[in-house]
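Notebook open. I start with one residue and its surroundings, then step back to the whole chain.

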Amino acid sequence: MGEKVVAGAFDLSDRQRYRTKLQQCLRGLERLLKEERFDRPKNLMGLEIELNLAGPDGMPRMLNGQVLERIASRDFQTELAMFNLEVNIAPHRLGGRVFDRLAEELRTSLAYAHRKAGEVDAGIVMIGILPTLERDDLVSSNLSDVDRYVLLNDQIVAARGEDFTLDIDGVEHLTCTSKSIVPEAACTSVQLHLQVTPGRFADVWNAAQAAVAPQIAVGANSPFLFGRELWRESRPPLFQQSTDTRPPELQAQGVRPRTWFGERWIGSALDLFEENLRYYPALLPICDDEDPLAVLDAGGVPKLAELVLHNGTVYRWNRPVYGIADGVPHLRVENRVLPAGPTVTDVLANAAFYYGLIRALAEDARPVWTRLPFEAAAANFDAACRYGIDARFTWPRRGRYGGTAEVDAVSLVRDELLPLAEAGLDAWGVEPADRDFYLGVIDERCRRRVNGASWQVATFHRAMETGMSREAALAATTRRYAELSHQGEPVHSWPVGVPEAARLG
């Protein structure tokens with residue numbers, strides 16, 4: 001969805017032509033795979049972080065256009081709503097001190113953006129869902145002034161044909177409706193990319209699907225929405241419901257949502273692209289002039305523009321990506337499950353845990369996906385979102401006994417997954433100093449049972465106990481979060497509570 005899209009009306013023939021072009025693109029992708037035209041292994045990773053804009057009072061600021069003008073860097077882009085930005089970090093080779101290098105780049109970029117935002121009385125807040133967002137903030141008039149977002153909103157609203165229903169039953173229960181997809185903008189995430197060869201793609205994707213539950217358990221950072229305490233990671237249910245093109249009747253028929261965990265382990269990247277065409281009608285039937293099969297016949301590399309655009313409107317938590325770099329096609333797994341924040345150190349610790357873990361899981365002689373039913377992986381994902389670091393999972397037993405057992409997330413991560421992540425980072429060639437520091441952050445979160453979500457909740461309740469109103473406690477929690485986030489120490493070390501100065505705001 002990062003490509004330039006021009007808004008306009010579509011007629012019936014546009015959709016028919018687009019479907020034909022999608023099938024041509026799929027055949028083109030299949031030929032590229034058969035002809036082994038894809039890039040060789042480069043161990044390349046990429047990182048994108050979605051950000052919030054908030055004022056000194058902790059409230060959202062609808063100023064991304066003004067802030068981006070001041071930042072004036074192609075590394076920063078708009079996101080769906082006017083209180084969102086996104087920062088993109090250039091691809092890096094996994095190995096050496098890559099996480100320390102990324103940390104330095106991110107700190108420099110975010111500090112610069114924060115200073116520039118300060119010129120319009122705003123600041124950068126790296127958090128999954130900004131606790132101070134209210135329903136009136138998430139309306140279509142606060143969409144970013146970009147054609148592709150307006151067009152995407154119009155098409156999803158038209159496909160649904162009625163208001164969107166948000167119904168999240170967590171610690172508290174939220175029910176409301178929305179006339180647009182803008183509530184999706186509340187969900188700010190970290191997207192981790194890994195370039196993989198076609199032969200390794202299925203193993204890496206399957207490993208990433210198994211890993212999402214422990215990722216969320218240790219990294220949850222989105223417990224509040226519209227003043228309610230919901231799930232420890234409320235982004236997934238919010239994202240699914242706010243982009244759901246299915247009215248209740250289609251939901252009852254079992255039609256798949258566009259925000260999707262999936263329903264099976266895969267055998268190749270083609271499985272995912274083919275599913276996207278089979279299950280999902282086009283939202284943006286915009287056709288390119290390229291004939292992908294003719295380009296292949298001539299020895300060229302097709303852009304597969306329709307396939308890429310359609311793929312960007314199916315919101316898998318681990319998304320397949322087709323791209324071209326230096327004239328050579330490649331495939332990536334895009335991991336989209338993590339919330340932003342709380343600090344650069346926390347983001348990089350989450351990244352180190354992910355890249356190490358999926359390397360080890362993908363190369364295991366007895367892969368986890370051969371021993372764990374897909375339904376159990378999906379249930380683990382749901383449990384992690386609901387309960388965060390206190391979740392319990394179904395996981396394959398170690399040793400010769402086989403089968404699965406129930407295990408708490410902290411024990412699974414500390415006893416089994418962190419050693420795997422360590423071995424995986426060794427296999428990538430990451431230096432021990434980087435490996436030990438960032439995985440040590442994950443271990444400390446587990447030891448103290450603290451992540452961004454648990455800190456937010458504990459601090460909010462501590463503020464309420466001092467006599468604050470709910471709205472004031474959420475604002476004070478947000479201000480304190482932003483202060484500690486910019487200081488940079490990882491979240492497991494943050495003191496709970498709101499000092500007097502922060503309470504006064």
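I looked up the neighbours of D408 first. Leaving out residues up to four places away in sequence, D408 touches A391, R392 and R449; contact means heavy atoms within 4.5 Å. I then checked side-chain pairing: D408 and S411 share a polar contact of 2.7 Å. For that term I used a pair of N or O atoms within 3.5 Å; within protein, one must be able to donate a hydrogen and the other to accept it, and residues adjacent in sequence count only if both atoms are side-chain atoms.

This is a predicted model: local features need pLDDT of at least 70, side-chain atom pairs count only at pLDDT 80 or more, and totals for chains, interfaces and linings use all residues. Residues are numbered from 1 along each chain as its sequence is written, and side-chain values use heavy atoms, with hydrogens and water left out.

Where does D408 lie? I find D408 in strand 15, residues 404-408. Strands are DSSP runs (E, at least two residues), and helices are too (H or I, at least four), numbered from the N terminus.

Buried or exposed? D408 has 16% relative accessibility, so I log D408 as buried (buried is under 20% relative accessible area, exposed over 50%, partly exposed in between; 1.4 Å probe, protein chains only).

Next, the whole chain. I count 17 helices and 15 strands. Buried residues are 59% of the 505. Of the contacts between residues at least 6 apart in sequence, 74% join residues at least 24 apart. The C-alpha trace spans about 70 × 60 × 45 Å along its principal axes.
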